[in-house]
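User: I am new to this structure and would love a close look at a single part of it. Could you pick one strand and walk me through its surroundings?

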Amino acid sequence: MKARHVHPSDLHGYSRLAIDATLGVTDMVEAMHLNILQFPAPFGKVRGHSHAYGNIQTVLRKITRRIYNSIRRGTQLVGGGLDIALECTHPELAQIRSTKERAAVIAILNGVLGDHMTARKNPLTITMDWRLNGQPLELTTEALSSTIQQPQGRVLIMIHGHCMNVLQWTRNGHNHGDVLAAANGFTPMVLRYNTGLHISQNGRALADQLEQLVRVWPVPVQELCIVGYSMGGLVARSAFHYGALTQQSWMQHVHKLLCLGSPHHGSMLERAGNMVDIALDLSPYSEALSRLGKIRSSGTTDLRHGNLTDEDWAGRDRFAHRADPRQPVPLPENVQCYAIAAMIAKTHGDLSGKLVGDGLVPLMSALGQHRDEQRALHFPQGHQKVFYGMTHLGLLDSKAVCDQMQEWMAAPYAPSRRAPASTLTPITQARWGNYMLFATKYIATKSPAV
């Protein structure tokens with residue numbers, strides 16, 4: 001089957017998104033219209049009006065609501081008709097051969113709107129599965145035996161980042177997973193997942209997937225090694241948390257966890273987005289516009305602080321500006337954990353480089369450092385590495401990064417308890433707050449596209 005950028009079956013998913021977008025814009029415009037009628041001053045200071053003026057306002061509001069309700073009903077009728085017409089045209093999404101461009105678009109849509117798409121059962125929604133050369137693997141012993149040539153007892157788990165897909169592990173002809181697996185006698189298994197869901201939802205699902213993987217693997221599993229890029233590192237840590245709660249057996253097979261540019265304590269880009277929400281909410285006229293920013297997914301807002309558990313977000317307004325609500329989740333015990341960070345700056349002494357890190361993840365966050373000792377992850381000094389003059393995406397195809405991971409993977413496994421705190425001097429939370437505005441402006445011009 002020839003790979004295509006857009007399949008006929010995609011039209012069903014895109015049409016649903018278009019209908020949802022139309023309804024969302026209608027709601028936003030209606031809110032702005034009603035606010036304009038209600039508040040004559042920019043910041044909503046209501047002035048005294050005559051009784052007649054109040055009656056006119058009431059009538060106008062009723063007419064406005066009827067108009068927008070009519071628009072919504074018409075849009076929903078169109079959407080229902082498109083659903084009926086297009087529903088029979090799409091095969092199982094997982095079986096469609098995809099181009100890199102198509103896979104990238106679908107991954108971005110799921111990263112930004114994945115929770116909404118899941119709730120709406122959009123055909124373009126990504127579900128968690130395992131991939132080989134971009135194609136899905138059935139998690140049964142028979143299917144794995146027939147698909148994977150000479151499966152090894154050592155398995156390398158690769159977990160991609162936010163708004164990304166399994167094909168993006170290969171960048172500029174280089175793939176960390178292929179190199180590391182070949183050099184160390186591992187069979188690579190690449191996870192595909194919906195990055196728009198809460199990290200804790202993906203973490204729990206991954207824990208269950210790993211439990212099943214160990215159970216059905218064609219040969220006895222001797223060792224698991226996990227490499228998580230960006231959000232992937234957080235999903236892996238969340239999986240350890242939920243695996244420990246249910247005492248799952250896969251955890252005893254994991255020797256090493258390598259986190260590559262993972263925002264353990266959050267990403268400044270999502271924090272900047274939260275600041276925009278606050279600014280737009282200051283006036284009733286711009287408040288409706290904040291709805292545009294608030295379409296971003298649960299997975300995206302989890303990146304503000306690095307949420308790993310349900311308790312970090314359940315029962316809370318995820319768009320509200322509040323202090324870090326997370327429960328401390330330490331690194332897993334008896335697993336050798338490593339952290340790699342990048343800095344756009346070429347020297348460690350560059351202040352702006354410390355603030356913006358690799359353009360998406362601050363240095364402290366990538367290294368798991370925190371002024372609160374309970375939140376600090378305490379990667380051992382020899383288990384962390386900073387690469388200078390490198391962006392977030394640059395971590396994916398850097399030979400130096402690959403060589404460092406290879407050195408760690410080749411090192412003998414020695415199970416131990418959590419190591420003492422790192423001696424690298426952190427930037428305190430207070431100083432971070434003072435530099436936030438500068439960092440936000442710097443990101444706008446220096447950070448790579450996601």
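**A close look at strand S7**

Analyst: Happy to! Please keep in mind that this is a predicted model. In it, S7 and strand S8 (residues 254-260) pair in the parallel sense over six bridges. Within that pairing, Leu224 of S7 sits opposite Val254 in S8. If you follow the chain from S7 to S8, you meet helix H7 (residues 231-245), and these three elements form a right-handed β-α-β unit.

S7 has another partner too: strand S3 (residues 154-159) is joined to S7 by six bridges, and these two strands also run parallel. Here you can find Leu156 standing opposite Cys225 in S7.

Now let us turn to the side chains. Which residues point each way from S7? Glu223, Cys225, Val227 and Tyr229 point one way, while Leu224, Ile226 and Gly228 point the other way. Residues pointing either way are buried. The strand covers residues 223-229, and seven of its seven residues are buried, so S7 is largely enclosed by the rest of the structure. Buried here means under 20% relative accessible area.

To put the two pairings together, Cys225 of S7 has Leu156 across from it, and Leu224 has Val254 of S8 across from it. Cys225 and Leu224 point opposite ways from S7, and both are buried. When you look at the picture, a good route is to start at S3, cross to its parallel partner S7, and then follow helix H7 to S8 through the right-handed unit.

Conventions
Residues are numbered from 1 along each chain as its sequence is written. This is a predicted model: local features need pLDDT of at least 70, side-chain atom pairs count only at pLDDT 80 or more; totals for chains, interfaces and linings use all residues. Side-chain values use heavy atoms; hydrogens and water are left out. Buried means under 20% relative accessible area, exposed over 50%, partly exposed in between (1.4 Å probe, protein chains only). Helices (H or I, at least four residues) and strands (E, at least two) are DSSP runs, numbered from the N terminus. Two strands pair if DSSP finds at least two bridges between them. A crossover is right-handed if, with the strands pointing away from the viewer, the path from the first strand over the helix to the second runs clockwise.
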